[in-house]
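Here is a short tour for anyone who likes to look at how a chain is built. Please have your viewer ready.

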Amino acid sequence: MKSLKILVIDDENLICWSFKKQYNNKGYEVWTAESGEKGLQLFELHDPDVVFIDNKLPGISGLEVLKGIKALKEDTLLVFMTAYGTIETAVKAMKSGAFEYVNKPFSFDEIDIILDNIKKRLQVENEIQVLRRQQQEEVMFDQVIGKSRAIGQIISLSRRIARSEASTILLLGESGTGKDLLAKVIHNESNRRGKPFVTINCASLPETLLESELFGYEKGAFTDAKRQKKGLFEIANGGAVYLDEIGEINVSLQVKLLGIIENKITRRLGGTNNRHVDVRIIAATNKNLEESIIEKTFREDLYYRLKVFTITLPTLRERKEDIPLLIRHFINFFNVQFKKNIKTISADAEKLLIKYDWPGNVREMRNVIERAIILETSENIRAESLPGEIRNNNAPRAEGKSLYDLVIPETGIVLHEIEKSIIKQALEKTNFNQTRAAQLLGVSRDSLRYKKKKYHL
Ligand SMILES: Nc1ncnc2c1ncn2[C@@H]1O[C@H](COP(=O)(O)OP(=O)(O)OP(=O)(O)O)[C@@H](O)[C@H]1O
Ligand SMILES: [Mg+2]
């Protein structure tokens, strides 16, 4: 095990000296500082695991040092040292987030116990982190299902890009084609695996929140900034940040993003320190960014920067030969999930699935199989267990009159015009943010996209 790093901040030379004598080179590394100011400097320099702080210091008080360290690194384990009888200070220290306190004079037996507890605590935290990492399903290329040429090409290109030094990767493709899945796989198959993979959906947060998530902030940067917060780029240092729906971020954030890509420096809101970060940015969108450039909602410079390594995922209708494999894959998956034992799919049901157009791509297919497995009472998925739009796919869709072509009596209003108008309003209200418009309407994003296309909105 690596040695535990201890910082002791005390103006009493004897204390500092005894700590060093007691613990240095015995599984610990010890630094000492005779003032709070010096202590904070050493803290930044050595990033210790434990800090012992004396309450009475010549310059800034022990309590202030404690708060200062907490502001630099929240989860530091701090032990407060107080003179006998000053219990109020000890209470204050504990309230401010100290891990433990000791009364002076103390024996090193007491300190041994505290250090043992700290070691246990760090070990548990470490185990939690390991478990968390394992839980993040370790998806690799073999989880990207498909034997079509299109998928084969995507996998070999992604493999090369994953292992390269590429600092930005752009994933394009319709909704449900597997961009999230591929982003994770690329990370797991890169030499950044094991380092953080941080995901953020740019469409799900209002601008200001998105900015503070990405860059973090210092305490007091704005009214609600009661504590400092690390930005995602800092958190992901050494790993990757997945910016999903990058097409939805506003232009001023795009400028900041470009800055981070080009200079590899991030700065918290309200802060003055530039922090060097080494992150790979994987960005994804189902938008046509070239159109967004014309509409001036996406910056050309950022686009050219991102598109150096672009991977465009094929739609499912372009790779229909993969449909049987995907069906098999999802049957196995949901059998486990729902403790069912569906053997296979009937020939006519499979035919229907191959014939269907899949506007929502693999996600839609996954949902269809999930539903069928839940509903199915026989051993095999039968056509009856498939949703109406797939079963009735034989009917010529465009020509046939649908409910939406009905004219409301005595008004002359056609039903689909009302629908179009409602969708248009929702889109305008949300600045054409599809995720939020879909939320507003209470429909899935896939169906919103479909309608949007249908009505040329
Ligand atoms: N080739 C594939 N093999 C196996 N599963 C896949 C494949 N492609 C997509 N999926 C699955 O389909 C679902 C949708 O994929 P994903 O979320 O990656 O799509 P997306 O392109 O990010 O969509 P959106 O643009 O809507 O965010 C996921 O459950 C994913 O695991
Ligand atoms: Mg996605």
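What follows is a report on the domains, one sheet and one pair of helices. Please keep in mind that this is a predicted model.

Let us start with the overall layout. The domain assignment splits the protein into the four parts in this table.

| Domain | Residues |
|---|---|
| domain 1 | 4–133 |
| domain 2 | 141–312 |
| domain 3 | 318–391 |
| domain 4 | 403–454 |

Taken over C-alpha atoms, the centres of domain 1 and domain 2 are 38 Å apart.

Now for the sheet. It is open and has five strands, which pair in parallel in the order β7-β10-β13-β6-β14. At its edges are β7 (197–201) and β14 (310–312), each of which pairs on one side only. From one strand to the next, the twist averages 15°. If you would like to follow one pairing in detail, β7 runs parallel to β10 (residues 240–244) and is joined to β10 by five bridges. Among these strands' residues, Ile200 has Leu243 in β10 as its bridge partner. Helix α6 (residues 149–163) lies across β6 (168–172), β13 (280–285) and β14, and runs at about 160° to β14.

Finally, the helix pair. How do α17 and α18 lie to each other? The axes of α17 (residues 415–429) and α18 (residues 434–441) cross at roughly 130° and come within 8 Å, so the two helices are oblique to each other. The crossing of α17 past α18 is right-handed. On the α17 side, Ile422, Ile423, Ala426, Leu427 and Lys429 take part in the contact, and they meet Ala437, Leu440 and Leu441 in α18. By class, this contact has seven nonpolar residues, one charged residue and no polar ones.

Methods
Residues are numbered from 1 along each chain as its sequence is written. Chains are lettered from A and ligands numbered from 1 in the order in which they are written. This is a predicted model: local features need pLDDT of at least 70, side-chain atom pairs count only at pLDDT 80 or more; totals for chains, interfaces and linings use all residues. Side-chain values use heavy atoms; hydrogens and water are left out. Axes are lines fitted to C-alpha atoms, for helices over the stretch in contact, and angles run from 0 to 180 degrees between N-to-C directions. Helices (H or I, at least four residues) and strands (E, at least two) are DSSP runs, numbered from the N terminus. Angles under 35 degrees count as roughly parallel, over 145 as roughly antiparallel, 65 to 115 as roughly perpendicular and the rest as oblique. A crossing is left-handed if the near helix is turned anticlockwise from the far one by less than a right angle, and right-handed if clockwise. Contact means heavy atoms within 4.5 Å. Ala, Val, Leu, Ile, Met, Phe, Trp, Tyr, Cys and Pro count as nonpolar, Asp, Glu, Lys and Arg as charged, and the others, Gly among them, as polar. Domain bounds come from an automatic or database domain assignment. Two strands pair if DSSP finds at least two bridges between them.
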